[in-house]
Amino acid sequence: MLELIQDYWLYFLVGQYPNGPLGGLVLTLLLAALGLLFSLPLGLVFGMARISPYRWLRWPVTALVFLVRGTPLLMVIFWAYFFLPAITGQKTDQITTMLVALVVFDGVYLAEIVRAGILGLPKGQQECARSLGLSYVETMRFIILPQALRNMLPSLVNQFISTIKETSLGYIIGLTEVSFIASQINVQVLTKSTQVYFILGLTYFILCFGLSRFAFWLEKALYRNRIVKAAS
Amino acid sequence: MQFDFSLLLSGKYHDWLLHGLAVSLGLTVVTLVLALPLAVLVALCRLAPSKILNGIAFTFVEAIRNVPLLAHLLFWYFGAPELLPDDIKQWLYDGNIEIVSAVVGLTFYTSAYMAEDIRSGIRGIPKEQMEAGRAMGFGFIQTMRLIILPQALRITVPPLISQTLNLWKNTSIATVIGVAELMYQAQKVETDSFRSVEAFAFATAAYLTVSLLITGLAAWYHHRYPVRTL
């Protein structure tokens with residue numbers, strides 16, 4: 001196993017970079033980070049639309065949420081893979097395809113987190129702000145969102161973990177992320193399948209378990225902070 | 001290119017896709033039947049009054065949940081058979097090893113998530129219930145079976161239904177190791193006929209329909225058996 005790591009660690013980490021496209025673990029992390037970053041604004045808009053008082057805004061977004069949540073991510077990836085070129089008229093590379101699929105998929109899931117975050121606040125907050133003369137938008141902007149976003153932080157870290165796991169599905173469209181690279185290594189070595197895939201699993205585990213502990217700690221810290229604040 | 005409905009209504013592509021749907025549904029049911037008891041067992045281990053059992057169950061859950069399903073399936077398909085003795089390996093390769101790997105991977109993956117749902121359902125029952133049960137002279141297992149689990153069931157079933165929904169969607173990933181389920185058949189139709197819109201529209205509609213049925217089931221359960229609070 002050590003020999004395997006010694007021979008292939010660089011390939012596993014960055015793919016063929018700098019002699020070829022970036023790949024491996026770095027690409028996985030990059031995709032997950034960009035996916036979450038771009039889906040955040042989308043999730044925020046969708047989440048607020050889901051609980052908006054305007055029906056023409058609420059209904060289409062609710063339908064979209066049900067549509068995307070009812071289909072596997074793999075389906076979304078295929079739609080993006082086959083139909084992005086048709087829409088844009090250009091050939092789309094795998095990274096862009098995956099990113100688009102991730103942003104749509106995560107945007108919808110984040111919308112539910114945002115919605116839960118807003119609905120989780122006491123109703124009095126909104127009523128209070130409105131009776132003080134703030135408009136709906138102002139209430140959201142200054143009163144509701146700052147509190148809701150803070151409560152959402154641990155969920156966001158968990159969503160990042162999910163996104164890291166989701167990037168593995170890029171494998172199927174030939175995206176050179178870490179699972180794909182592991183399979184390439186497996187083909188090259190041939191005799192050490194068990195070790196190769198064990199190392200792949202271990203890599204994901206270290207990454208995601210570390211992050212989930214961080215989310216756990218964050219939740220505790222936020223909760224403690226709130227109690228201290230309430231007491232003083 | 002026009003959307004060709006007749007392609008989906010009859011002929012060999014129709015048969016391929018329906019066969020895929022049947023395999024996907026079968027995969028979901030078999031996995032569910034295997035994963036549920038395993039999940040209950042793991043959840044009980046996490047709550048049992050034994051440090052060793054707690055540790056084993058915790059490791060099981062975390063090791064599985066923090067690795068993507070794709071990596072699980074790759075491991076069970078390519079990696080794990082290497083560890084088996086030759087005659088068992090041969091027997092597996094003669095049979096349908098794709099399906100076996102997929103069921104094993106999906107079962108472990110699903111049971112880890114379900115175990116956590118069951119655990120939090122059980123923990124949602126006030127501690128005094130357990131203490132009272134024990135004080136009345138019931139053993140740990142008896143208290144669980146007669147007092148805690150019947151109450152916990154109402155809290156646990158809705159998240160379990162939503163895990164079933166996840167399982168249904170996760171079966172699509174089995175296409176990666178070549179299980180002939182819905183997604184695989186849709187791709188096959190696509191390569192064979194270049195009718196990608198029809199093939200993927202069928203698959204999407206099928207996934208969506210079953211997902212909505214499962215969501216509906218959850219809503220019905222929630223309405224029919226609301227959580228009772230003390």
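A residue is buried if 20 or more other C-beta atoms lie within 10 Å of its own, and exposed if 12 or fewer do. The exercises below use these cut-offs on a predicted model.

**Exercise 1. Describe the make-up of chain A and of chain B.**

Step 1. Take the secondary structure. Chain A has nine helices and zero strands. Chain B has ten helices and zero strands.

Step 2. Take the extent along the principal axes. The C-alpha atoms of chain A fill a box of roughly 70 × 50 × 30 Å. For chain B the box is roughly 70 × 50 × 25 Å.

Step 3. Take the burial. Of the 232 residues in chain A, 37% are buried. Of the 230 residues in chain B, 38% are buried.

Step 4. Take the contacts between residues at least 6 apart in sequence. In chain A, 70% of them join residues at least 24 apart. In chain B, the share that joins residues at least 24 apart is 77%.

**Exercise 2. Find how confident the predictor is in chain B and in the complex.**

Step 1. Chain B has a mean pLDDT of 91, and 98% of its residues reach 70 or more.

Step 2. Within chain B, confidence is lowest in helix 1 (residues 5–9), with a mean of 78. Confidence is highest in helix 3 (residues 51–65) of chain B, at 95.

Step 3. For the complex, the predictor gives an ipTM of 0.89 and a pTM of 0.90.

**Exercise 3. Check the span of helix 5 of chain A, and decide whether this helix is largely enclosed.**

Step 1. Helix 5 of chain A covers residues 94–119, which is 26 residues.

Step 2. The expected span is 1.5 Å times one less than the number of residues. For helix 5 of chain A this comes to 38 Å.

Step 3. The end C-alpha atoms of helix 5 of chain A are 37 Å apart, which agrees with the expected span.

Step 4. Of its 26 residues, 19 are buried, so helix 5 of chain A is largely enclosed by the rest of the structure.

**Exercise 4. Locate the largest nonpolar core and its best-connected members.**

Step 1. The largest nonpolar core has 109 residues; those that touch the most other members are Val76(A), Ile77(A), Ala101(A), Leu73(B) and Ala203(B).

Step 2. Helix 5 of chain A gives the largest share of this core, 15 residues.

Step 3. Look at one member, leaving out residues up to four places away in sequence. Val76(A) then touches Val68(A), Thr71(A), Ala101(A), Val104(A) and Phe105(A).

**Exercise 5. Work out which parts of chain A meet chain B.**

Step 1. Count the residues in the contact: 28 come from chain A and 27 from chain B.

Step 2. On the side of chain A, the elements that give two or more residues are helix 4 (73–88), helix 8 (178–189) and helix 9 (193–231).

Step 3. Helix 9 of chain A gives the largest share of that side, eleven residues.

Step 4. By class, the side of chain A that touches chain B has 17 nonpolar, ten polar and one charged residues.

Step 5. Follow helix 9 of chain A further. This helix has 39 residues and reaches 57 Å from its first C-alpha to its last, close to the 57 Å expected. Its buried residues include Ser193(A), Tyr197(A), Gly201(A) and Cys208(A).

Step 6. The buried residues of helix 9 of chain A pack against helix 1, helix 2, helix 7 (136–167) and helix 8 of chain A, together with helix 4 (69–79) of chain B.

**Exercise 6. Pick out the unusual backbone features.**

Step 1. Most residues other than glycine have a negative phi, and most peptide bonds are trans.

Step 2. Look for a cis bond. Tyr17(A) and Pro18(A) are joined by a cis peptide bond, with omega about 0°. Pro18(A) lies in the loop between helix 1 (2–14) and helix 2 of chain A.

Step 3. Look for positive phi. Leu190(A) has a phi near 70° and sits in the loop between helix 8 and helix 9 of chain A. Phe194(B) has a positive phi of about 60°, and its place is in the loop between helix 9 (182–193) and helix 10 (196–224) of chain B.

Step 4. Decide on burial. Leu190(A) has 9 other C-beta atoms within 10 Å, so Leu190(A) is exposed. Phe194(B) has 11 C-beta neighbours inside 10 Å and therefore counts as exposed.

Step 5. Look for a bend. Helix 2 of chain A bends by about 35° at Leu40(A), and Pro41(A) follows within four residues.

Notes: Residues are numbered from 1 along each chain as its sequence is written. Chains are lettered from A and ligands numbered from 1 in the order in which they are written. This is a predicted model: local features need pLDDT of at least 70, side-chain atom pairs count only at pLDDT 80 or more; totals for chains, interfaces and linings use all residues. A nonpolar core is a set of buried Ala, Val, Leu, Ile, Met, Phe, Trp, Tyr and Cys residues joined through C-beta atoms within 7 Å. Two residues are in contact if their C-beta atoms, placed from the backbone, lie within 7 Å. Ala, Val, Leu, Ile, Met, Phe, Trp, Tyr, Cys and Pro count as nonpolar, Asp, Glu, Lys and Arg as charged, and the others, Gly among them, as polar. The bend at a residue is the angle between axes fitted to the seven residues ending there and the seven starting there. pLDDT is the predictor's confidence in each residue, from 0 to 100.
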